[in-house]
Each structure stands twice: as structure tokens, then as C-alpha cells.
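Trainee: Could we take a close look at one helix and then work outwards from there? I'm new to this structure.

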Amino acid sequence: MADPAYVAVDWGTSSFRLWLIDKDDSTLAESRSNEGMTTAAKTGFAEVLASHLAKVNAPENLPVIICGMAGAKQGWVEAGYVDVPTSLSSVLTRAATVPGQSRDVRILPGLAQRDQTKPDVMRGEETQLLGALGPASTGSQAVCMPGTHSKWVRVTDGWVTGFSSFMTGELFDAISKHTILSHAVAGAEQTPTDEAAFDSAIKAAYAQPVMATNLLFTARSGQLLHGLTAAAAQAKISGTLIGLEIAGAIAAAGAGVNITLVAAGRLQGLYEAAFKALSLSFDTIDADTAVRGGLAAAAKAIWPN
């Protein structure tokens, strides 16, 4: 087996992912858990990291590069933000050093948009962005990174010109569990996704975003009056929220912009289906591949030898 060169970590709010990487940026071993920032803040960030380093047999002197919520104000060490507009590579030179560690541990900063009317922040997605596009990307594009708080980033010739966060995932969870619509979706997890209902909801919300809350309510009224199934009701809620997100993102980025989707798993499938329903052209990049690529770029910039 090749010798490890560094350790890469993506530390989210509720998830932890660690990769042992060699000098060619190939993965030698990995370790994952639900010990995100929320858990690590209670049990200790150093302790969580140490346990995963032991699982992959990382040498004691191996450096660690981290992105994500470990660098938040409530995290391990605050890594701050780089203000946009900025180059994609700007985060590479602003990593914060974690003091008191026996090895070199660095945490990458996030990005901040300080516009008074459109303030916004991201932490972790900037590393995915760098890995997905590379520091020397050309042309204009909108990069979609779906999640609890989806990010749409506008990039022109390697510069981040602006971005928007959408609470799509969190709203879906809240609406489907804590509103009257929870009755409409009861039991939906046990049935296949209703693709027709999803596509229809995407198109309706994209065409008339001002009707979003009315469209959401039809998940309930459609069930009471027309026998809408739980699966269709769930698809209608999901499609309405994603359609609303895409409508807002395209309005900000401009019609005809190139779309790059950075996603994996179920979210990748949902957003690809949404773009196809709206006849929007796009390219997909695997989210894990993107974040590892961004962390690799950071490791090379910080430890060039």
C-alpha cells in the first residue's frame, strides 16, 4: 500500500467523514460517523478526530486538512470567512491552525456575502466548489449544491461573484412533520416515489413561485377531495419546494446559465429529475469526489512537499 500523505476531513453539522490520502490523492482508507459539530461540541473535537485517525491507522505526524462546521463560531476553532466576490482559490491561503495539537491540523474558511440586502454564508460548500470546478475554471455558471440548506453559487472565470442559500431541506422536514400536511404524507416512506406528482409540482412551482404556499396546501386538499396518495402528497411537497428553489436561483443567475449539480445519493436523483422536468441542461459531479478534490487542492497549497 502507498504511504499516506495527509488526512482529509469533511466535518458537517451532523456528519463526519475522514479519508486517509496518499501523495497521488488516492484514498487509502476512510471513516464515517454521525459525530458532526453538534456531537463533537459536547464530546470534544480533538477526541472525535483522534478516534477516527486511530481507525485508519494514520501516522502520528500526518497533517490533517478539515473543511466544514469544525471551523464555525460554535466549532473547534473559528476559521472565519473570505468575502465574495473572490477567486475560487482564495480559501487555500486562509486556513486556520488548530493550536495545542501534536500534528499540523488546519481548518478551511467559509465564504461570506456581506451585501446588506442579501447577506449569506457558506461553510464546507466552498471546498466542494473548488473541487468541482478547479481554481482555473472558465465561463459563467451556476453551481447547485443541494442539502438541508441548498447553495447556488454564481461563478465567472474562476471568481465567485455571489451565492444564495435556500432552506429547502429544512423546510421539507418541518412542513412534512410539524404542519397539517403531516397527515397527508403519513405512510409515504413505505411506498415508491410518485414521479408524475413530483414532476408536476416542480413545473407548477417554477412557473408560479408566488403561489408556493397555496401549491403546498393542495397536498392536503387533493387528498381530501381527490384521493391523492401519501406518496403523491410527499412528492408534491418536495417538488414544490425544489421548484421554488430553482425558480429563485435561476432568477438570480439569469436564464440560460450553465448549471453544475454537485450532489450524491437521493438528492442527486431528485435534482436531476427536477432539471429534466424543466428542460434545463446540467452537468453532475459527485459530491464526495468534489469535496475530496477541494481538500486535496488545499493540502497541496499548504504542504507543497
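Trainee: Which residues of H9 are buried?

Mentor: Before we dig in, remember that this is a predicted model: local features need pLDDT of at least 70 and side-chain atom pairs count only at pLDDT 80 or more, while totals for chains, interfaces and linings use all residues. Residues are numbered from 1 along each chain as its sequence is written, and side-chain values use heavy atoms, with hydrogens and water left out.

Now your helix. Ala287, Asp288, Ala290, Val291, Gly294, Leu295, Ala296, Ala298, Ala299 and Ile302 are buried in H9. Buried means under 20% relative accessible area, exposed means over 50%, and partly exposed is in between (1.4 Å probe, protein chains only). H9 runs over residues 287–302, so to speak a stretch of 16 residues. (Helices, H or I with at least four residues, and strands, E with at least two, are DSSP runs numbered from the N terminus.) From first C-alpha to last, H9 reaches 23 Å, close to the 22 Å expected at 1.5 Å a residue; the expected span is 1.5 Å times one less than the number of residues. Where H9 starts, a side-chain oxygen of aspartate 286 comes to within 3.1 Å of the backbone nitrogen of aspartate 288.

H9 also helps to line the largest pocket, giving at least two residues, as do strand E1 (4–11), strand E10 (120–122), H3 and strand E14 (258–263). E10 gives the largest share of that lining, 3 residues. The pocket holds about 1,100 Å³ of space. Of its 32 lining residues, Gly12, Glu125, Pro146, Gly147 and Thr148 are the closest to the centre. A pocket is an open set of points on a 1 Å grid over the protein atoms alone, with protein on both sides within 12 Å along at least five of seven lines; a lining residue has an atom within 4 Å of a point. Grid points join across faces, edges and corners, and a volume is the space filled by probe spheres set on them.

Next, some aromatic rings. Rings of Phe, Tyr and Trp (its six-membered ring) pair if their centres lie within 6.5 Å, with planes under 30 degrees apart counted as stacked, over 60 as edge-to-face and the rest as tilted. By that rule there are 7 aromatic pairs. In one of them, tryptophan 152 meets phenylalanine 275 edge-to-face, at 6.1 Å centre to centre and 85 degrees between the planes. That pair links distant parts of the chain, with tryptophan 152 in strand E12 (residues 150–156), phenylalanine 275 in helix H8 (residues 265–277) and the two positions 123 residues apart. Tryptophan 152 is buried because its relative accessible area is 2%, and phenylalanine 275 counts as buried at 0%. Phenylalanine 275 also pairs with phenylalanine 282, this time tilted, at 5.3 Å and 50 degrees. Phenylalanine 282 is partly exposed, since its relative accessible area is 22%. Elsewhere, Trp11, Phe16, Phe45 and Trp76 make up one aromatic cluster.

One last stop is serine 31, in strand E3 (residues 27–33). Serine 31 counts as buried because its relative accessibility is 7%.

Note on methods:
A polar contact is a pair of N or O atoms within 3.5 Å; within protein, one must be able to donate a hydrogen and the other to accept it, and residues adjacent in sequence count only if both atoms are side-chain atoms. On a 1 Å grid over the protein atoms alone, a cavity is a set of points where a 1.4 Å probe fits but cannot get out, and a pocket is an open set with protein on both sides within 12 Å along at least five of seven lines; lining residues have an atom within 4 Å of a point.
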